[in-house]
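Visitor: I'd like to go through the labels on this structure and hear the reasoning behind them. Could you show it first?

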Amino acid sequence: MKQLRYILLMLTLGTFSIVQAQTTERYTPKAIDLGLPSGTLWADRNMGITASATDFGVYYSWGDIYSSDEDDLKPIGQRGFFWRTYKFGKSPKSLTKYCTDSTFGTKDSKTQLEPDDDAATAYAKNHKTPIWDASWHIPTDKEFAELMEKCKWTWTNGGYQVTGPNGKSIFLPAAGWPKHSQNGTGLYWTSTLCPDFPCYAYAVMFGDDFIGWNNTSRFSGCSIRPVKSKK
């Protein structure tokens with residue numbers, strides 16, 4: 001009986017290893033060249049995808065390198081999407097980093113996420129399996145502005161097909177945000193702070209009849225679509 005249990009255990013472990021390898025393969029993003037003037041390459045899927053480029057992915061607070069699927073990696077007091085659990089301040093007026101006005105906390109005048117606080121950049125370094133390489137980063141407001149201005153956005157199947165000048169495209173699903181992921185709205189982080197009100201960061205928000213900018217509270221959980229530059 002002990003021998004039988006051992007064999008069953010080994011079979012179970014072996015099956016898990018195969019599934020894990022397949023899942024890891026599915027996580028690998030493709031860099032899509034849309035023919036943009038800047039040469040910026042956009043990932044074909046959101047961070048956290050396990051199957052297809054149309055899936056929602058997972059959600060991140062601004063400046064947090066761990067996702068909603070990785071809450072168990074954080075101290076208990078830092079889990080969830082609230083000011084009280086936010087990494088860089090427990091209220092809009094107690095910011096400890098990325099603050100342009102002392103009214104909102106400790107002023108350091110930083111307006112752009114540093115690599116260690118950029119979830120897309122830090123992903124490879126903080127995971128044993130290198131799913132993303134370190135050249136990926138969260139888009140700046142300028143990189144997202146270029147995508148909005150230079151591409152054709154077509155609403156289809158619960159998201160936007162974004163077609164670049166060269167005819168290639170990516171799909172941005174309307175992934176919403178935690179607890180509201182089915183509301184037909186997309187909300188994607190940029191890596192750029194709102195300098196006038198540093199408790200917010202810029203995000204791109206869209207639905208089937210609008211595309212625009214949103215000043216989003218930094219603790220909020222939003223989607224991330226990484227970019228990288230041509231080598």
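What follows is a short talk about cysteines, charged pairs and burial in this predicted model.

Visitor: Why is C194 said to be in no disulfide?

Guide: A disulfide needs two cysteine sulfur atoms within 2.5 Å. For C194 the nearest cysteine sulfur belongs to C199 and is 8.2 Å away, so that cut-off isn't met. The count for the model comes to zero disulfides.

Visitor: What makes C222 buried?

Guide: Buried means under 20% relative accessible area, and C222 has 0%, so the label fits. C194, with 4%, is buried too.

Visitor: Why is the contact of D117 with K87 called a salt bridge?

Guide: The cut-off is 4 Å between a Lys or Arg side-chain nitrogen and an Asp or Glu carboxyl oxygen. In D117 and K87 the closest N and O atoms are 3.5 Å apart, so the pair counts. Both residues lie in the loop between β2 and α2, so the pair ties together parts that are 30 residues apart in sequence.

Visitor: Are D117 and K87 buried or partly exposed?

Guide: D117 has 5% relative accessibility and counts as buried. K87 has 34%, which puts K87 between the 20% and 50% limits, so "partly exposed" is the word.

Visitor: Which other residue does D117 meet in a salt bridge?

Guide: K97, at 2.8 Å from N to O. Both D117 and K97 are buried. K97 also meets E114, at 3.0 Å. K87, K97, K110, E114 and D117 are linked in a network of salt bridges.

Definitions and conventions. Residues numbered from 1 in each chain as written. Predicted model: local features only at pLDDT ≥ 70, side-chain atom pairs only at ≥ 80, totals over all residues. Heavy atoms only, no water. Buried < 20%, exposed > 50% of the residue type's maximum accessible area, 1.4 Å probe, protein only. Helix = DSSP H or I, 4+ residues; strand = E, 2+ residues; numbered from the N terminus.
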